[in-house]
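This report looks at pairing between charged side chains. The sequence and model come next.

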Amino acid sequence: MGLVYAAATALTGCALGDTLWHGVTQPGVALAFGVLIAVGELARWGARRGPSPLPGERDPAPLGTAGALAYALLGQNAGHATSHGVLQIVAVVVAAALAGAVPHVANGHGPALDHVARRVLTVAFAAVCFQPLYNSGTLGRWVGYGPYFALFLLLVLVLTALCDAVLAATMARARTGYPYGSLLRDELRALIGIGSAVCATGAVMALAVAVAGLWALPVFCVPLLLTQLSFRRYAEVRTTYRQTITSLARATEIAGYTPPGHAHRVAQLSRAVGRELGLSEPELTVLEYAALMHDIGQLSLLDPVPAGATARLAPAEQRRIALLGGAVVRRTGVRAEVAVVVERQADPYREQPLSARIVRAVNAYDDLSGESGPGENGSRLGGRLNALEHLRLGTGHDYQSEVVESLARVLSRGGLTPSSPG
């Protein structure tokens, strides 16, 4: 990740220095695209407030990205050739993005470094693929300026999108340690949605400005602004949905059936293990929801299980509670896949889907490790090691060995300390 940051910083420094030294070529065009990129940053949907994006989560400023790509692929303005180079493109993109981010920084929600670095490098990649060939006339001799020219733009955008996906997966791998293959798969899957819309809009903007001039920019940015608004509302609905599930999961804690923070710990640790095992982002969401609600069947019990530790119960009683929990989940309107995982969590692991195997192992670890109760650091460390040893001894029937070893790797990266309840 440090190499990516260093490359983006060096490229930005060279671009700003060269532009300041030689001045801005065609300042009107640069200003128009700079304003578009800045507006895109101002209107970014705000689906993510954390310092780092989740794997597979796309750029929160699609209009700014589309404008930056259009400027990188711009060869003409209303029939007149443009002459801005790669370094000026990078300088304008960086300056506009920083200007648009000022209000967000003032509110404590500045742009993530990952997105900024990726924006610089991907825009530079697109500009390098297009500008030298166009300005030298080579592109005109190769493909002309008809349909093949538009196809060439689309090819450059596809390569740029792939470059961005590789960068995003590489940076996520360096930040989290998760398997690179699953991270790259999530990034490529995300390109089908908003990523393809951004690339297509960037190409259309560049072609429209070449024919109609800068007046085409406000016309073609409206559809993406509407899409951005729709994604913002979708993000709000998704957040509310997750908050509802979290509130339902806390019912067992409030009623005294499970210790405080147990469901949250199991959910966070299950998600980390699922990512370690290569589950996709939709599968991780189902896994997290099921882990949050895995103990909800205990609400049907007359007498609470001591410390809520279902891992210490007989297998038949564990299955009864799991089936009761699945029935409760189905009545809440939560996705059927979540109910299936809750129902199957107590089955022999060879009969379980992978998500249920993960929930079962992580729940048993939290029950047996002493995370839910008071204790000194030394005793808790011993409890964690003993819990892992218990899971390893049970891999013949109760737990899948790959899941247990993945759990051990996740815990070792965190110092055998799972996430604290939030």
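## Salt bridges in the predicted model

Glu317 has a relative accessibility of 27% and so counts as partly exposed; buried means under 20% relative accessible area, exposed over 50%, and partly exposed in between (1.4 Å probe, protein chains only). Its partner Arg320 is partly exposed as well, at 39%. The model is predicted, so local features need pLDDT of at least 70 and side-chain atom pairs count only at pLDDT 80 or more, while totals for chains, interfaces and linings use all residues. Residues are numbered from 1 along each chain as its sequence is written, and side-chain values use heavy atoms, with hydrogens and water left out.

A salt bridge here is a side-chain nitrogen of Lys or Arg within 4 Å of a carboxyl oxygen of Asp or Glu. The rule gives 17 salt bridges. Among them are these three:

| Pair | Closest N to O |
|---|---|
| Glu317 and Arg320 | 2.9 Å |
| Asp366 and Arg265 | 2.9 Å |
| Arg392 and Glu405 | 2.9 Å |

Arg392 belongs to helix H16 (residues 377–393) and Glu405 to helix H17 (residues 401–413), so this bridge ties together parts 13 residues apart in sequence. Helices are DSSP runs (H or I, at least four residues), numbered from the N terminus. Arg392 is partly exposed at 34%, and Glu405 is partly exposed at 34%.

Glu317 and Arg320 both lie in helix H13 (residues 315–332); they are 3 residues apart, so about one helical turn separates them.

Asp366 and Arg265 are both buried.

Salt bridges also link Asp186, Arg189, Arg242, Arg271, Arg275, Glu281 and Glu288 in a network.

Technical notes: Helix = DSSP H or I, 4+ residues; strand = E, 2+ residues; numbered from the N terminus.
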